[in-house]
Amino acid sequence: LLLLLEATLMQLARGSHHPFYNGFYYNHIMNDMDNGQDKVDYFNGPRLVVETSKDPVYSYSGANITLSCHYRYEPDPGAKRKIRIKWSKLRDDYTKEQDVMVAIGKTYVAFGDFKGRAHLHQASQYEASLVISDVRLKDDGKYRCEVIDGLEDESDVVDLRLQGIVFPYQPPRGQYRLNFHEAEQVCQDQGAILATFHQLFQAWSEGLDWCNAGWLADGTVQYPIRLPRKPCGGLHLAPGIRSYGPRHRHLHRFDAYCFSSMLRGEVFYLDRLTGMTLEEAKQSCQEAGAEIARVGHLYSAWKFLGLDRCSAGWLADGSVRYPIVKPRPNCGPAEPGVRTFGFPSKGRFGVFCYKER
């Protein structure tokens with residue numbers, strides 16, 4: 001046993017200094033005879049180059065989008081080669097998150113949530129573009145286009161960004177009541193998903209300032225500050241994204257930062273002279289061929305459709321809010337935004353309804 005262990009360790013040590021180089025040539029590949037002799041194989045064929053869009057591709061929920069990817073050989077071999085194309089969705093650190101699609105020739109297979117929504121667009125011989133139909137909120141992110149030709153494997157990355165809005169959310173129970181999984185659910189209930197750090201940073205750069213810490217999609221807890229102040233990290237800190245880092249997804253409790261995209265429908269306001277209870281508000285929307293709007297619907301209509309209404313209305317979660325694009329007297333603060341009355345247990349208000357086109 002000792003001799004066998006020693007021989008194994010020597011073999012591992014011997015092989016550990018032979019790196020695999022994936023570029024113009026392949027170095028230190030074991031020969032077919034398996035006689036313990038290494039050989040160096042130099043790849044002298046055409047070089048494979050893969051290129052995607054260098055600029056982010058912008059889209060919105062419900063749209064169809066093409067992520068451009070092309071490849072070429074230097075020099076061009078002329079003859080058609082049998083290659084494999086693979087698309088993957090990546091995390092922010094560029095590690096693989098999920099397989100999207102793989103294709104050989106005209107045969108392809110899409111995976112997971114991309115089944116029925118993803119296919120290749122090959123208008124030319126060397127095109128490997130990905131088409132995603134009915135874009136969803138969680139499609140936002142980085143995608144790797146990988147082209148495999150025998151021993152060669154080259155790739156490039158394209159960034160798909162959804163046009164949307166980040167909004168802070170806390171449930172009727174009050175501040176800091178949500179663990180990570182509950183935060184995911186409340187965002188979904190409001191027609192949204194948990195925001196990514198990139199989405200929160202974009203919202204901060206556009207003016208979002210909120211002192212409550214909230215969950216993000218990667219399990220970290222952060223909050224955006226434009227105007228430093230004592231209760232929000234202190235006066236000595238510069239404006240930016242404050243971070244608590246990763247938190248325990250079951251035990252720790254915070255608010256949530258949700259992300260909603262552009263709407264495929266419209267938000268409109270209904271009212272009665274005497275106002276409505278929440279149940280009456282839901283019924284009024286149904287009678288109008290719609291549903292009571294969710295918080296994500298109202299934020300999206302405010303940002304992308306310019307919805308401006310200085311009248312409070314019920315939303316699906318039992319909150320009462322109203323959107324202001326042009327601030328004016330008796331309509332809240334001097335900045336545009338979605339105002340909230342919280343979650344009143346009593347009272348009669350109008351209602352915001354949502355109807356798909």
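**Notes on a predicted model: fold and unusual backbone sites**

1. Tyr 94 is partly exposed, its relative accessible area being 44%, and this residue is found in the loop between β7 and β8, the latter spanning 96-104. Although Tyr 94 is not a glycine, its phi is positive, at about 75 degrees. The model is a predicted one, and the backbone angle should be read with that in mind.

2. Asp 134 is another residue that has a positive phi although it is not a glycine, the value here being about 50 degrees. Its place is in the loop that runs between β11 (129-132) and β12 (141-149). With a relative accessible area of 28%, Asp 134 counts as partly exposed, because that category covers the range between under 20%, which is buried, and over 50%, which is exposed.

3. A further backbone feature is the peptide bond leading from Glu 74 to Pro 75, which is cis and has an omega near -5 degrees. Pro 75 lies in the loop between β6 (69-74) and β7 (84-90), and β7 is also the strand that precedes the loop holding Tyr 94.

4. Turning to the chain as a whole, the secondary structure consists of five helices and 25 strands. Of the 357 residues in the chain, 42% count as buried, while the chain exposes about 19500 Å², of which carbon and sulfur atoms supply 54%.

5. Where contacts are concerned, those between residues at least 6 apart in sequence can be sorted by separation, and 58% of them join residues that are at least 24 apart.

Technical notes:
Residues numbered from 1 in each chain as written. Predicted model: local features only at pLDDT ≥ 70, side-chain atom pairs only at ≥ 80, totals over all residues. Heavy atoms only, no water. Helix = DSSP H or I, 4+ residues; strand = E, 2+ residues; numbered from the N terminus. Buried < 20%, exposed > 50% of the residue type's maximum accessible area, 1.4 Å probe, protein only. Contact = heavy atoms within 4.5 Å. Areas by Shrake-Rupley, 256 points an atom, 1.4 Å probe, with all protein chains shown as cover.
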